[in-house]
Amino acid sequence: MPHRGHENSDGTDGTGGGGLDVPMAWLYAEYIADELLRTGDLMPPTSFEFRAGRDALALTVFLSDTDGELSGIRVVSQLDNWLSLTACDHPWPQWVRTRMAELTERAAGAPSADLALAQDAWRWLEETELLAPDLDAVPGGGAPAGEDGGPQVWTPAWQLGLPLGHLAIHLF
């Protein structure tokens with residue numbers, strides 16, 4: 001793909017004409033999330049829990065980039081911001097919905113491959129439920145269930161992925 005400002009053989013400058021829209025911001029956010037989770041070594045990378053953590057972190061990274069330019073140099077300086085956004089007392093799902101609405105409004109009329117992938121990740125996190133330990137269960141309140149010997153409950157993927165991502169940032 002030609003760099004912006006370089007002329008193609010057809011005389012165009014590579015800034016339009018129906019070219020491929022490469023979702024670099026989303027792919028970079030996903031890469032950062034993947035590296036944070038792999039470094040933490042909290043879950044096997046092939047598990048649904050890992051995917052939930054990666055998608056939750058990637059959304060946090062992507063949506064917190066208000067300037068529209070993820071920079072590798074700024075990653076370390078953003079860790080505290082990402083920690084606060086993924087903290088258990090932060091209304092993360094509402095924040096995601098608000099930021100997605102803002103980006104959708106800003107991109108009206110100009111489809112964005114980055115935004116489309118972020119929307120797909122959010123849809124998966126909201127609509128997919130994973131079986132997890134029931135942390136609200138009363139200890140000793142009944143017979144053990146599930147492989148881990150405790151009660152389990154179906155939980156939206158983001159509710160598992162968000163704390164996993166938060167812990168991965170701490171471990172980084």
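## A tour of ring pairs and salt bridges

The structure holds four aromatic pairs, and since this is a predicted model, everything on the tour is to be read as a feature of that prediction.

Begin by selecting W26 and F62, whose ring centres lie 5.7 Å apart with their planes at 75 degrees, so the pair is edge-to-face. This pair links distant parts of the chain, for W26 belongs to helix α1 and F62 to helix α2, 36 residues apart. Both partners can then be looked at for accessibility: W26 is buried, with a relative accessible area of 2%, and F62, at 11% relative accessibility, counts as buried too.

Next, select W92 and W122, where the ring centres are 5.5 Å apart and the planes again stand at 75 degrees, so that this pair is edge-to-face. Here W92 sits in helix α4 and W122 in helix α5, 30 residues apart, and the pair links distant parts of the chain. W92 and W122 are both buried, and if W158 is added to the selection, the three residues are seen to form one aromatic cluster.

From the rings, turn to the charged side chains, among which a search of the whole structure finds seven salt bridges. Select R54 and E30, which form one of them, with the closest N and O atoms 3.9 Å apart. Because R54 lies in helix α2 (residues 48-64) and E30 in helix α1 (residues 24-40), the pair ties together parts that are 24 residues apart in sequence. E30 is partly exposed, at 22% relative accessibility.

Keep R54 and E30 on screen and add R51 and D55, since these four residues are linked in a network of salt bridges. While R51 is selected, show W124 as well: R51 lies over the face of this residue, at 3.9 Å from the ring centre.

Move on to helix α4 (residues 92-106), where R99 and E102 are three residues apart and thus separated by about one helical turn. Their side chains meet in a salt bridge, at 2.7 Å from N to O. Which of these residues is buried and which is partly exposed? R99 is buried, with a relative accessible area of 9%, whereas E102 is partly exposed, at 36% relative accessibility.

The last stop is helix α5 (residues 113-127), in which D120 and R123 are three residues apart, or about one helical turn. The side chains of D120 and R123 meet in a salt bridge of 2.8 Å, N to O. D120 counts as partly exposed at 40% relative accessibility, and R123 is partly exposed as well, with a relative accessible area of 39%.

Note on methods: Residues numbered from 1 in each chain as written. Predicted model: local features only at pLDDT ≥ 70, side-chain atom pairs only at ≥ 80, totals over all residues. Heavy atoms only, no water. Helix = DSSP H or I, 4+ residues; strand = E, 2+ residues; numbered from the N terminus. Buried < 20%, exposed > 50% of the residue type's maximum accessible area, 1.4 Å probe, protein only. Phe/Tyr/Trp six-rings, centres within 6.5 Å; stacked < 30°, edge-to-face > 60°. Lys NZ or Arg CZ within 6 Å of the ring centre and 35° of its normal.
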